[in-house]
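I set out here what I looked up in this structure, entry by entry. The notes are meant for a reader who meets it for the first time.

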There are 2 protein chains.
Amino acid sequence: MTDDTIDDLMDATYRALCKHGYAELTMQDIAEESSKTKGTLHYHFEGKQDLLESFLEYLLDRFEDRTETVPGETPDERLRAFLDELLTPSDPDSAEEFRTAILEIKAQSPYNEAYREQLREFDRALRDRIAGLVSDGLEAGEFRADVDPDETADFLVTVFNGAEARAAAVDRSPEHTKRHVHEYIDEHLRADGSINGDTAVEDEHTGADE
Amino acid sequence: MTDDTIDDLMDATYRALCKHGYAELTMQDIAEESSKTKGTLHYHFEGKQDLLESFLEYLLDRFEDRTETVPGETPDERLRAFLDELLTPSDPDSAEEFRTAILEIKAQSPYNEAYREQLREFDRALRDRIAGLVSDGLEAGEFRADVDPDETADFLVTVFNGAEARAAAVDRSPEHTKRHVHEYIDEHLRADGSINGDTAVEDEHTGADE
């Protein structure tokens, strides 16, 4: 497949998923959103699950490209920008539908080894990315020396998953979670112990004494 | 329906959901797990969605009963016990299957107003419960006076949703999240600023100065 064909099919998959949801989605639905025929889709993919596996892989690649350079002067700023980006849908118009489709795919994960492998890759990529940003902040002395980058990243990935699940299931906007995440960074990570912008607390862990 | 019949059918629904998942579940599957016939099920419920709506309601009632009295001497201890309980499956043998079924139902929520209403009730009940425990801790002077009980509860419900979603989708045990939650209580809530059991920090917010 050419890159253009891949982009065309993946965009079509995105639109079809948003329109029909995961459970009802057919190869025909995807073909109708693309410039290709159903026959062409079947030439490239065994079926819906095979195509969606590629779609998840494509999403991960795109996510990694999109977040390769995170804006910000300092590691703290870059960590916040990265998490804000994560909690901001790339297309607000279809955010709700897409989130629901992804939640459906997550719920299929225990029945589908290929989905599970892709979701694990994504989980791992997120954790690595966040842990890297936390480590940068430690090296720069911006974050408390007793902070564990992997544990912090693991917790933040859990928070991200929760924000997405609640947005789909009970209509709770992830915007709200952004504020909580910034507060968590203030309280859990900041070497100066700044709480909500105050610099109230100094403790013996301050500085790079590890 | 007698209470015994309800308990019988709800237990059967639980077992059938764990065995077949949500998408594949039929009224026949549920009948087979119960002492009733498929005809009896259809007498009481219009179909699978109607039965599952009652099942979600039943789960919420049971959850509320089960957590009416939370063990612990102090509000802090009760909050931790409540969150630990939340992150501990009531039946470890079927925890994974049940979590997956609930995630499937959450992903159906945007397509099903009745599920959504039940899930919202549960979300609300959780938030209220946690906010109440945080308020108790504020009144007792155990937690920092600048803590907002509703915002704290909202964040913790997001964390709980994330732990459940990751457990189903990428096999990440919620046990892990318990530790993060205790750390969050130490850092975000404790009036004495104790971090991981140390009492390292005193700040001007200590005490009930609100």
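**Entry 1: the cysteine of chain B**

I looked up Cys18(B) and found it buried, with a relative accessible area of 14%. I note that the model is a predicted one. I then turned to the other copy, where Cys18(A) likewise counts as buried at 14% relative accessibility. Both residues fall in this class because the cut-off for buried is under 20% relative accessible area. I also searched for disulfides and recorded 0 over all chains.

**Entry 2: chain A as a whole**

I counted the elements of chain A and obtained 9 helices and 2 strands. In what order do they run from the N terminus on? I wrote the order down as α-α-α-α-α-α-α-α-α-β-β. I took the extent of chain A along the principal axes, and its C-alpha atoms fill a box of roughly 65 × 35 × 30 Å. Chain A has 210 residues, and I found that 53% of them count as buried. For the contacts in chain A with a separation of 6 or more, I noted that 63% are between residues 24 or more positions apart.

**Entry 3: Gln118(A)**

I located Gln118(A) in helix H7 of chain A, which spans residues 113-139. Is this residue buried or exposed? I entered Gln118(A) as buried, since its relative accessibility is 12% and the class takes values under 20%. I set aside the neighbours within four places in sequence and listed the contacts of Gln118(A) that remain: Glu53(A), Leu56(A) and Glu57(A).

**Entry 4: Arg66(A)**

I found Arg66(A) in helix H4 of chain A, residues 48-66. Its relative accessible area is 41%, and I therefore recorded Arg66(A) as partly exposed, the class that lies between 20% and 50%. Beyond its neighbours within four places in sequence, I found Arg66(A) in contact with Glu85(A) and Ser90(A). I also compared its position with that of His44(A): the two are 22 residues apart in sequence, and their C-alpha atoms are 26 Å apart in space.

**Entry 5: how the two copies are related**

I asked what rotation superposes chain B on chain A. I obtained 180 degrees, with 0.0 Å of shift along the axis and an RMSD of 0.0 Å. I entered this as the relation of a two-fold axis. In chain B, I identified the C-alpha of Gly162(B) as the one nearest the axis, at 1.7 Å from it. I then checked the contact residues of the copies: 98% of those of chain B recur in chain A, and the same surface serves both.

**Entry 6: a cavity in chain B**

I searched the whole structure and found 3 cavities of 30 Å³ or more. I chose the second largest cavity, which has a volume of about 40 Å³. Which residues line the second largest cavity? I listed Leu83(B), Leu86(B), Leu87(B), Leu156(B), Val159(B), Phe160(B) and Val181(B). Two elements of chain B give two or more residues to this lining, namely helix H5 (75-86) and helix H8 (149-170). I noted that H8(B) contributes the largest share, 3 residues. By class, I recorded 7 nonpolar residues in the lining of the second largest cavity, with no polar and no charged residues.

Notes: Residues are numbered from 1 along each chain as its sequence is written. Chains are lettered from A and ligands numbered from 1 in the order in which they are written. This is a predicted model: local features need pLDDT of at least 70, side-chain atom pairs count only at pLDDT 80 or more; totals for chains, interfaces and linings use all residues. Side-chain values use heavy atoms; hydrogens and water are left out. A disulfide is a pair of cysteine sulfur atoms within 2.5 Å. Buried means under 20% relative accessible area, exposed over 50%, partly exposed in between (1.4 Å probe, protein chains only). Copies are superposed by least squares on the C-alpha atoms of residues with pLDDT of at least 70 in both. Contact means heavy atoms within 4.5 Å. On a 1 Å grid over the protein atoms alone, a cavity is a set of points where a 1.4 Å probe fits but cannot get out, and a pocket is an open set with protein on both sides within 12 Å along at least five of seven lines; lining residues have an atom within 4 Å of a point. Grid points are joined across faces, edges and corners, and a volume is the space filled by probe spheres set on the points. Helices (H or I, at least four residues) and strands (E, at least two) are DSSP runs, numbered from the N terminus. Ala, Val, Leu, Ile, Met, Phe, Trp, Tyr, Cys and Pro count as nonpolar, Asp, Glu, Lys and Arg as charged, and the others, Gly among them, as polar.
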